[in-house]
Amino acid sequence: MKTKITSKELVAPVFNIQRFCIHDGPGIRTTVFLKGCNLACYWCHNPESRQAEPQLMFYTDRCLGCAACVAVCRTGARRKDGSRIVFSPEVCQSCFACVAACPTGALERCGQQMTVAEVFEEVVRDKPFYETSGGGVTVSGGEPLLYPDFVRSLFLCLKQEKITTAIETAGAVSWKNIKTVLPVTDLFLYDLKSAGEKLFRKATGGQLHLVLENLTELLDARTRLIIRIPVVPGFNDSPSQRDLMVKLLKKLPGRFAVEPLKYHQMAQGKYRALSLPAPRQEISARQAEAAYRETVAAFRKAGLPVLSV
Amino acid sequence: MNKNWIDPDFLQQQGEWFAAGFFEKEQASPFRRISLAIRRQLEKAFLPEYNGQEIYPSGVNTFWRTKNNILTFHYAYTLSYDRNRLAALIETATSCVERNQWLSLRQALDAYPMYSHQLISPAYTVGGRGWTHSIPDYGTVLRQGLASYHGQLKLISRQWPDNSARQDLTAGLDDVLKGIKCLHFRLNQKLPRNSPLARDFQIVPWRPARSFRQALLATNFIFYLDGCDSLGRFDVELGPYCEQDLKAGLITEKEAVAWVAALWKNFDANSGWNVALGGTLPDQRAAYNRLTMVCLKAIRKMRRPNLALRVRKDMPEKYFNQALAAIASGCGQPAFYHEEAYLQALQENHLNINFKDLSHYAFGGCTETMMHGMSNVGSLDGGLNLPGIMSKTLQRCLPGATSFKEILEALKQDISQNVSHLTTQVNHDQEQKAKYRPQPIRTLLVRDCLTAGREFNQGGARYNWSVINVGGLANVADSLAALKKLIFEEKVISPARFHQALTDNFQGWAQLLKEIKRCPRYGNDEDQADSLACEIASHVFRELTRYACWRGGRFLPGCLMFVTYVGAGENVPATPDGRLKDQPIADSIGPYFGREKKGPTAMLKSVAKLNQKMAAGTLVLNIRLAASFFSTATGRQAVKNLIRTYFSLGGMQVQVTVVDQAILKEAMKNPEKYQDLIVRVGGYSEYFTRLDRALQETIAARTEYSCP
Ligand code: SF4
Ligand code: SF4
């Protein structure tokens, strides 16, 4: 059978390409963040990744109040109110005329349609670092598996360069999407947010059974896989929730590692910049640290293969 | 007697021992006069009582700077003349005789060509001028003892009875040796009788060292004697002593660490400079030993020496880990050097290094490359201020420029011309030095001076080259990239208007500054800017290596800005990269402060594109990493991989500072609380709070990477 010619013309919305990542898989990596997500976890630390369309981000602390943006905005989304600049996202047409006009960088465009070729050109640059460190390229999001063909095509290009690939997914997609990228993906970083169906639906709006079915399927296929569990205080850190999670993990077939992730609140600024309400509950760094430690300890005690920093 | 007669007895009475020696035989050659001056100083200078430290002598070097004499010895340029002090003495003289003596002393000293570095014009002083750092031959002193030099001098003197130059040399050095012997005797008397320290100190440095402690004492003594400087391959020279004592159970590793730390402390107190660790042995084996580890442990939280770890491909991981632990302690030490690249570069640069000697490269001062115990390297003889040169070029040819190529060519021509001027001046300086400022101690202690019968500054050392500092590459690359893009590609501004903006120091040109910001910048792995940096760098390097030094050898380019990048920016007009008038220039061979936006991998790739092998004088690269990198195994592994990859791409040196931006800001606000905060500037480490405000600001502005 002839292999299908990979299309380097495929596009996907990218909101960041971050070089020198060291927490998204082994070694030194470049992480490509695709925009758009089908879940809505209330603690999300990449709120700009939820919506697939490009968005305007407004960092008020860098704003001088010069009103250069107001002058170019044709929709009236940017208005001057006394000495303050007000932004009404609902009227904004995302033309980004204001971004070019702003002298301080208080306005930023988030999200860009990029072709596979463009992304590839950027991520291949750090190949020497991948080679020395055993690193590679990770595609993250949002939910990157909303763009399986794009990811597959990108990974095929990377394979030709002998660069290893990883994908960070929440797994709440149809198995067909996963199957598309399976042969070209070296590592799955598979998010598992909670072990209870109801809680999962409440916190993320998604269906846990789909996530678990896909996970089992992947493990059956002997894929290299790390299960990543965001430890969110007040959500999944109670002893009962933890026990449930341990039971679930113990039942899973095949080989995998478990990596609890510490919750952090560094996304606050981004929520503000997007004019979104920040996650409702206040979680202190100490709380987050304690919850993380307890989870790591509990998993270790249960004999699970835990990766921790 | 005429008015100009200077009475050595009078000078002695005043405690001016060095000057007394210098004027003892006014008709003799400068070499004899300075030798005699050294002898008198060593014989007579005041010595403080033993201070109870493990390392002896210790504390601020007492015998060269007893009480701020008018004339003293200075390690880098031989003589140090305190003109103000003399003027004060003339003012306060109580008798006519005294006044006349001081006056004639001033006349004589003013007539003597004292400082060679004043021959080099201020335009070529980036990083320093007319300095000579050095590494004495510690190995011979350790293994054969200073006494062996006596025999050698006699032999030479007997061998060449009719050669007046050699007779002069041996007679002068005989004086120096006598002075050293006397000093040693006097120092010995200060020690408690029969204490273990006294017993060790009696043996070294005259006779060969037999234990690690003796080797340390000998090293310390020679370091003091030279007035201050670098220890070179410390672990290779002293490693066998350390290993032997550890094996025999005479010392524990803990003791060894404490001793070495005591030596470092003394080194710091006396502005000692560099120590090189590890690398390759003459038989090509790896040179890492137990002392290497001891040194890495001892450097924690220390400011000096500038520790240079030579990283071979097969360097055991434990040394790398220990090095990172030291860096994490906040001292910015050690810096990492790419062993294989240095060996290759030193071979390729027409320095005529004997293959046997090749592995003995080490560093003096900040990080000027020289051969351990056998070099006289101008370090630094002078430097090129690239943004300064470019400003003049632009003033002349920017307004009427019709193509980018025209500007580039004009700049290159100007650089060539400046290189030619600089090298002429340096060579003239070297010639003057040879005539008036001989270095008897180094003549004695640097290899081949004796056997060749030539004084150190006459080119007696086996290797003579000169490291020339090349400063501000990033500013030039970014400037060219901006001119190219805005004037000739996008045509958003005319050459004449851009010139006007520069003249206006960008006041009222906010829009242009914004346009400049989006131009390609060196350090982001973007070829448009990086290729310009490469082109200019290669041109400077090639031009510099074309010239030969007066003393022998070649000019070796390097980039070691030390703390001078702030001063180097003063008087340089605004540059097209958006740098305002008087602002600092780039602090290393890397990108300009805060202009790297794509993280450390991109930055390292950019810098590795330069043809670094042509600049083995050391191209210093600063990289600042957040403390969080060093707190996890993953982070430390990533740092190692960054460095290894930079080396695999052709990078030769990199130094890491661990600081959190927040801490620096805090330290600027409350300096009292941060007295021990050390940062890496140029090629060396310094206490942050000791730096001046402008320098602090640029360091706080340097891009710091955190873990994404
Ligand atoms: S993106 Fe366009 S519509 Fe939206 S605020 Fe800016 S200028 Fe107005
Ligand atoms: S142009 Fe930028 S700085 Fe000026 S008011 Fe708008 S957002 Fe603020």
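These are my notebook entries on a predicted model, taken chain by chain and ligand by ligand.

**Entry 1, chain B as a whole.** I began with the overall dimensions of chain B, whose C-alpha atoms fill a box of roughly 75 × 65 × 50 Å along the principal axes. I then looked up the radius of gyration, which is 26 Å for chain B and agrees with the value near 27 Å that a compact globule of 708 residues would have. For the secondary structure of chain B I noted 28 helices and 16 strands.

**Entry 2, burial, surface and contacts in chain B.** I found that 65% of the 708 residues of chain B count as buried. The chain exposes about 25,300 Å², and I recorded that carbon and sulfur atoms supply 50% of this area. Turning to contacts with a separation of 6 or more in chain B, I saw that 74% of them are made by residues 24 or more positions apart.

**Entry 3, two helices of chain B.** I looked first at helix α23 of chain B, which runs over residues 527–546 and whose 20 residues reach 28 Å from the first C-alpha to the last, close to the 28 Å expected at 1.5 Å a residue. I noted that α23(B) is mostly covered, with 14 of its 20 residues buried. Helix α25 of chain B, residues 599–608, has 10 of its 10 residues buried, so I describe it as largely enclosed by the rest of the structure. The buried residues of α25(B) include B:Lys605, and among them are also B:Met603, B:Leu604 and B:Val607.

**Entry 4, the ligand surroundings in chain A.** Around ligand 1 I listed residues that include the cysteines A:Cys73, A:Cys92, A:Cys95 and A:Cys98, together with others such as A:Arg78, A:Phe87 and A:Phe96. By class, I recorded 8 nonpolar, 3 polar and 1 charged residues in the shell around ligand 1. Around ligand 2 there are 15 residues, of which A:Cys63, A:Cys66, A:Ala67, A:Cys69 and A:Cys102 come nearest. I noted that the shell around ligand 2 divides into 12 nonpolar, 2 polar and 1 charged residues.

**Entry 5, one loop residue of chain A.** I located A:Ile283 in the loop between α10 (268–273) and α11 (285–301) of chain A. Its relative accessible area is 4%, and because buried means under 20%, I entered A:Ile283 as buried. I also looked up its separation from A:Asn214, which lies 69 residues away along the chain, and found 31 Å between the C-alpha atoms of A:Ile283 and A:Asn214.

Note on methods. Residues numbered from 1 in each chain as written. Chains lettered and ligands numbered in written order. Predicted model: local features only at pLDDT ≥ 70, side-chain atom pairs only at ≥ 80, totals over all residues. Heavy atoms only, no water. Near = heavy atom within 4 Å. Nonpolar A, V, L, I, M, F, W, Y, C, P; charged D, E, K, R; others polar. Buried < 20%, exposed > 50% of the residue type's maximum accessible area, 1.4 Å probe, protein only. Helix = DSSP H or I, 4+ residues; strand = E, 2+ residues; numbered from the N terminus. Expected span 1.5 Å × (residues − 1). Rg over C-alpha atoms; globule rule 2.2 N^0.38 Å. Contact = heavy atoms within 4.5 Å. Areas by Shrake-Rupley, 256 points an atom, 1.4 Å probe, with all protein chains shown as cover.
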